[in-house]
Amino acid sequence: QVQLVETGGGLAQPGGSLRLSCAPSDIVVSINYMGWYRQAPGKQREMVSLIHSGGVVRYAESVKGRFTISTEPANNTVFLQMNSVKPEDTAIYYCNANMRRAWNVDSRDYWGQGTQVTVSS
């Protein structure tokens, strides 16, 4: 079973930076999009940023100009560079990817296990 493996996260001071990365644990046939969601305590999970295979990028309004999503296609890796972080960015960040793991199955969404990001002085 393919899994999404996340790295990065941790503690940052307000105004600081963090970098998240995520990649499938095994070879997949194709990826339609990859990106990040987050869930703060007591709140619903929300989209942070997504990047489609055709290059279209989406950002939540709250992170525009501060976060940058990018990919390394050779390794099917997606990154989230988080700059000028704020306390309200504190949440569990989940990697999301719509992938086809084999030619005889349909594409579907996969989720990472989540990584904690805490912004505090």
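Which residue is the bridge partner of Tyr93 in strand 11? In the predicted model described here, the bridge partner of Tyr93 in strand 11 is Thr115. The pairing to which this question leads, that of strand 9 with strand 11, is antiparallel and extends over three bridges.

Strand 9, which spans residues 91–100, has further pairings. With strand 4 (30–39), strand 9 pairs in the antiparallel sense over nine bridges, and within this pairing Trp36 has Cys95 of strand 9 as its bridge partner. Strand 9 is also joined to strand 10, made up of residues 108–111, by four bridges, and these two strands likewise run antiparallel; here Ala97 stands opposite Tyr110 of strand 10. As to burial, eight of the ten residues of strand 9 are buried, so this strand is largely enclosed by the rest of the structure.

The interior was examined next. In soluble globular proteins, nonpolar side chains tend to be buried together. In the present model, the largest nonpolar core comprises 29 residues, and those with the most contacts inside it are Trp36, Phe67, Val78, Leu80, Met82, Tyr93 and Met99. At least two residues of this core are supplied by each of strand 3 (18–24), strand 4, strand 5 (46–52), strand 7 (67–72), strand 8 (77–82), strand 9 and strand 11 (115–119). Strand 9 provides the largest share of the core, namely five residues.

The surroundings of Tyr93 can be described residue by residue. When its neighbours within four places in sequence are left aside, Tyr93 is in contact with Glu6, Leu20, Trp36, Tyr37, Arg38, Val48, Phe67, Leu80, Met82, Gly114, Thr115 and Val117. This list includes Thr115, the bridge partner of Tyr93 in strand 11, and it also includes Trp36, Phe67, Leu80 and Met82, which are named with Tyr93 among the residues with the most contacts inside the core.

Strand 9 also takes part in a covalent link. A disulfide is a covalent bond between the sulfur atoms of two cysteines. The count for this structure comes to one disulfide, which joins Cys22 to Cys95 with a sulfur-to-sulfur distance of 2.0 Å. Because Cys22 lies in strand 3 and Cys95 in strand 9, the pair ties together parts of the chain that are 73 residues apart in sequence. The torsion about the S-S bond of Cys22 and Cys95 is about -85°, and the disulfide is therefore left-handed. Both ends of the link are enclosed: Cys22 counts as buried at 1% relative accessibility, and Cys95 is buried with a relative accessible area of 0%.

Cys22 is also among the residues touched by Thr77, whose place is in strand 8. Not counting residues up to four places away in sequence, Thr77 touches Ser21, Cys22, Ala23, Ser70, Thr71 and Glu72. With a relative accessibility of 10%, Thr77 counts as buried, since the cut-off for burial is under 20%.

Charged side chains were considered last. The structure holds four salt bridges, among them one between Glu46 and Arg38, in which the closest N and O atoms are 2.7 Å apart. The two partners of this salt bridge are not alike in accessibility, for Glu46 counts as partly exposed at 34% relative accessibility, whereas Arg38 is buried with a relative accessible area of 6%. Arg38 meets Asp89 in a further salt bridge, with an N to O distance of 3.0 Å. This pair links distant parts of the chain, as Asp89 lies in the loop between strand 8 and strand 9 and Arg38 lies in strand 4, 51 residues apart. Asp89, at 1% relative accessibility, counts as buried.

The side chain of Asp89 also forms a salt bridge with that of Arg66, at 2.8 Å from N to O. Here too distant parts of the chain are linked, with Asp89 in the loop between strand 8 and strand 9 and Arg66, 23 residues apart from it, in the loop between strand 6 (57–59) and strand 7. Both Asp89 and Arg66 are buried. Through salt bridges that share partners, Arg38, Glu46, Arg66 and Asp89 are joined into one network.

How values were computed: Residues are numbered from 1 along each chain as its sequence is written. This is a predicted model: local features need pLDDT of at least 70, side-chain atom pairs count only at pLDDT 80 or more; totals for chains, interfaces and linings use all residues. Side-chain values use heavy atoms; hydrogens and water are left out. A nonpolar core is a set of buried Ala, Val, Leu, Ile, Met, Phe, Trp, Tyr and Cys residues joined through side-chain atoms within 4.5 Å. Buried means under 20% relative accessible area, exposed over 50%, partly exposed in between (1.4 Å probe, protein chains only). Contact means heavy atoms within 4.5 Å. A disulfide is a pair of cysteine sulfur atoms within 2.5 Å. Two strands pair if DSSP finds at least two bridges between them.
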